[in-house]
Amino acid sequence: MIGAVAAYMSGSFFAYFFYDAILLPILIGTVSIGLYFGKKHKWTKNDGILLSVAFTVGIAVYSAYTAYAYRPAVSFDGKFGTFSGEVTEITNYENDRAGYVLKGRINGDTKAKITYY
């Protein structure tokens, strides 16, 4: 189990540092090196498969989050637009400060949940 978690975390690590264009060769190379290392240390076939799958899932989860959540959100950085929605939560803090959670749409198109302090 520890090996699978370490492989998953390694996949996330590699996905963070290497961009889309070179991600596939990095994936193939790293899995190949891992399988070679495993064979040398007498891992079973199931160990190699489990670690390879965990590594690949780590890359896939990180890449999917980046493509479907992170990049659309940062595409609005530095641009003007509109937000329409409703306040769904208010949290009061000391010294007349508050936090608001807003749910709605940016430019009438993109669903968003915004926390404003």
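**Sheet, core and surface patch**

Student: How many bridges join strand β1 (residues 83-93) to strand β2 (residues 97-106)?
Tutor: This is a predicted model, where local features need pLDDT of at least 70 and side-chain atom pairs count only at pLDDT 80 or more, while totals for chains, interfaces and linings use all residues. Residues are numbered from 1 along each chain as its sequence is written, and side-chain values use heavy atoms, with hydrogens and water left out. Helices (H or I, at least four residues) and strands (E, at least two) are DSSP runs, numbered from the N terminus, and two strands pair if DSSP finds at least two bridges between them. β1 and β2 run antiparallel, and the number of bridges joining them is 10.

Student: Which residue is the bridge partner of S84 in β2, and which stands opposite T91?
Tutor: Strands of a sheet pair through backbone hydrogen bonds, either parallel or antiparallel. In β2, S84 is partnered by R105. Opposite T91 stands G99.

Student: Which residue takes a positive phi in the hairpin of β1 and β2?
Tutor: This hairpin has three residues between the strands. The positive phi, near 60°, belongs to N95.

Student: Which strands stand at the edges of the sheet, and by what angle are neighbouring strands turned on average?
Tutor: The open sheet has three strands in the order β1-β2-β3, paired antiparallel. Each edge strand has a single partner, so one side is left without a neighbour in the sheet; these strands are β1 and β3 (110-116). Axes are lines fitted to C-alpha atoms, for helices over the stretch in contact, and angles run from 0 to 180 degrees between N-to-C directions. With direction ignored, the average turn between neighbouring strands is 10°.

Student: Which helix supplies the largest share of the largest nonpolar core?
Tutor: A nonpolar core is a set of buried (under 20% relative accessible area) Ala, Val, Leu, Ile, Met, Phe, Trp, Tyr and Cys residues joined through side-chain atoms within 4.5 Å. Here the largest core has nine residues: A4, A7, A15, L27, V31, L51, A54, F55 and I59. At least two come from each of α1, α2 (20-40) and α3. The largest share, four residues, comes from α3.

Student: Is Y8 of helix α1 buried or exposed, and what is its relative accessible area?
Tutor: Exposed means over 50% and partly exposed lies between that and the buried limit, using a 1.4 Å probe and protein chains only. Y8 is partly exposed because its relative accessible area is 32%.
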